[in-house]
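Work through the exercises below with the model open beside you. Try each task before reading its solution.

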Amino acid sequence: MYQDALMQQSIKKVEAAREANMKLDPRRMTAEEKELLLKTYHPDYREDQFEHLVFGPNAGQKVPKELAKLLQAKSRLSGKTIDLTAPDYDTDVLIIGAGGAGTSAAIEAHENGAKVMIVTKLRMGDANTMMAEGGIQAADKPGDSPAQHFLDAYGGGHFAAQKDLLYKLVTEAPEAILWLSELGVEFDKTADGTMVTTHGGGTSRKRMHAAKDYSGAEIMRTLRDEVLSRKIPVLDFTSAIELIKDEQGRCAGAVLMNMETKELLIARAKTVILATGGAGRLHYQGFPTSNHYGATADGLILAYRAGARLLYPDTLQYHPTGAAFPAQIYGALVTEKVRSVGAMLVNANGEVFMNPLETRDVSAASIIRECSDRGNGVATPEGFAVWLDTPMIELKHGAGTIEKRIPAMMRMFAKHGIDIRKEPILIYPTLHYQNGGLKISDDTQTDIENLYAAGEVVGGIHGRNRLMGNSLLDIIVFGRNAGKYASEKAKTVENGVLTLAHIADFEQQRAQAGVTDDVVSPQLLPDYTRKVNEK
Ligand code: MEZ
């Protein structure tokens with residue numbers, strides 16, 4: 001339902017060009033073209049949007065301004081005396097975060113005989129896993145191989161991925177799909193039971209396994225069921241606000257906060273797994289986000305304050321196709337699968353301006369260029385956008401394809417009077433994923449002994465750009481590994497004397513570095529309150 005006259009005029013051009021556009025096979029950009037495009041238009045290259053950290057494990061490195069503030073902020077426990085002598089909870093493995101990585105870790109740690117406890121500041125499944133739509137990659141079909149998967153991901157990530165981690169990701173992918181299937185995930189299959197697989201941006205083989213366009217929700221549903229049926233304790237609405245160490249500097253638990261009453265609780269653990277997810281709700285550079293409400297980089301803050309290094313914290317993923325209209329769904333994810341199944345990106349004049357399956361960073365930069373310097377964007381109340389020509393899908397593959405393959409997209413737009421089978425949709429990049437995060441070794445341990453990490457909080461698996469479907473894969477592969485390694489290690493750990501001395505050390509470094517603001521972190525929830533004079 002596009003009432004705006006300019007949008008209507010533009011749609012007419014899109015419709016007039018549709019048949020010819022569908023016959024196009026736009027060439028891929030050369031490496032040189034991509035490099036220039038990224039440097040000129042990708043948000044990661046806007047130097048004025050980054051700051052160099054002045055102290056801590058990554059001193060001297062650049063990170064988004066919003067993140068720098070939180071990484072170098074004061075503790076919520078600053079100036080408080082906390083009694084650590086009588087913990088409220090005692091467990092072998094404490095898992096912070098209850099998305100796909102945290103729950104996978106919990107299942108494997110439990111399977112390994114450990115006493116496990118999950119804490120989450122919202123509810124189990126309030127996580128980016130739930131929001132992932134298009135699918136999960138695994139090279140498990142004839143004509144494909146983990147080696148091919150490695151090459152795609154390594155190239156797509158600008159040859160910056162930690163090779164040992166990426167190796168683990170791709171070689172353990174087929175087994176991850178089997179594990180999920182056995183737990184009960186209903187992947188799309190043909191009548192004979194063969195998995196349906198499609199391409200994603202930057203894939204050389206069709207290896208995207210999906211559950212329609214709610215793959216993450218289906219995976220999360222299954223993992224949550226498994227956690228519940230194993231009776232693993234889950235503490236909802238309870239955030240971790242600091243890590244606790246022992247006198248040997250090993251991680252030994254966390255200070256928790258009841259989100260409602262603000263009561264502080266102490267959890268002692270032999271090992272801790274951080275699975276706190278991403279940072280989209282920090283809205284870097286003012287971008288909207290596809291992320292869930294709690295994505296505020298908490299794990300990065302907690303671990304950084306305790307002395308863990310970050311890897312590539314300056315590289316973010318802007319998903320090329322965030323909904324740009326109407327305003328009610330601004331920034332919501334329009335899955336890459338829409339392009340995988342045949343929709344092309346078209347500018348305000350009805351022209352196809354790129355191959356729809358370039359990698360995400362290249363696609364996002366190309367859309368930004370179209371809407372800025374080239375002046376080929378469609379004006380929307382929030383700025384500019386380009387068309388994703390969804391009616392092409394049914395013209396190519398027959399009536400009913402959209403309802404069958406991308407029903408969630410159909411419903412999301414239908415709620416706002418837009419029938420994506422008949423009308424194209426407006427999209428613009430949305431903040432989707434942090435490529436960077438905590439540095440881990442191949443046993444998923446961070447720089448701090450007994451502190452493990454899995455999922456989006458980890459950096460380096462994908463290098464400087466992640467391919468579609470490799471995140472749902474990484475939460476499973478590394479979530480499971482973290483659960484196995486942390487529970488195995490827990491068998492050998494005797495808890496020492498608990499301490500929060502690292503917080504005082506950090507605040508001393510802060511003062512020495514001349515940071516004097518009153519910012520407190522972790523933030524825990526986004527701040528959407530209107531400021532004075534803001535409309
Ligand atoms: O991996 C992702 O980020 C993903 C599957 C997103 C999507 O476009 O559906």
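**Exercise 1: Where two domains meet**

Task: find how many residue pairs are in polar contact between domain 1 and domain 2.

Solution. The count between domain 1 and domain 2 is 11 residue pairs in polar contact, both residues at pLDDT 80 or more. A polar contact is a pair of N or O atoms within 3.5 Å; within protein, one must be able to donate a hydrogen and the other to accept it, and residues adjacent in sequence count only if both atoms are side-chain atoms.

Next, see which elements on domain 1 touch domain 2. Helix 11 (337-340), helix 12 (360-371), helix 14 (401-405), helix 15 (407-414) and strand 18 (425-434) each supply at least two residues of that side. Helices (H or I, at least four residues) and strands (E, at least two) are DSSP runs, numbered from the N terminus.

Before going on, note the ground rules. This is a predicted model: local features need pLDDT of at least 70, side-chain atom pairs count only at pLDDT 80 or more, and totals for chains, interfaces and linings use all residues. Residues are numbered from 1 along each chain as its sequence is written, and side-chain values use heavy atoms, with hydrogens and water left out.

**Exercise 2: The domains and their shared area**

Task: state which residues make up each domain, then describe the area buried between them.

Solution. Start with the bounds, which come from an automatic or database domain assignment. Domain 1 covers 5-41 + 319-431, and domain 2 covers 89-131 + 211-315 + 435-499. Their centres, taken over C-alpha atoms, are 34 Å apart.

Now count contacts (heavy atoms within 4.5 Å). Domain 1 brings 23 residues and domain 2 brings 16.

Then take the buried area, the accessible area (1.4 Å probe) that two parts lose on being put together, summed over both. It is about 1,500 Å², with 59% on carbon and sulfur atoms. Leu333, Arg360 and Leu431 supply 38% of the area that domain 1 buries against domain 2, more than any other three residues.

Last, look for salt bridges (a side-chain nitrogen of Lys or Arg within 4 Å of a carboxyl oxygen of Asp or Glu). The rule finds 0 across this interface.

**Exercise 3: A salt bridge**

Task: say which parts of the chain the pair Asp298 and Lys121 ties together.

Solution. The whole structure has 32 salt bridges. In one of them, the side chains of Asp298 and Lys121 meet at 2.6 Å, N to O. Asp298 lies in helix 10 (residues 298-305) and Lys121 in the loop between strand 5 (116-119) and helix 5 (128-131), so the pair links parts 177 residues apart in sequence.

**Exercise 4: The ligand**

Task: find which atoms of Gly134, His319 and Glu336 lie by oxygen atoms of the ligand.

Solution. Take Gly134: a backbone N or O atom lies 2.6 Å from a ligand oxygen. For His319, a polar side-chain atom lies 2.8 Å from a ligand oxygen. For Glu336, a backbone N or O atom lies 2.8 Å from a ligand oxygen.

**Exercise 5: Backbone details**

Task: locate the cis peptide bond at Pro326.

Solution. The bond joins Phe325 and Pro326, with omega about 0°. Pro326 lies in the loop between strand 14 (316-323) and helix 11.
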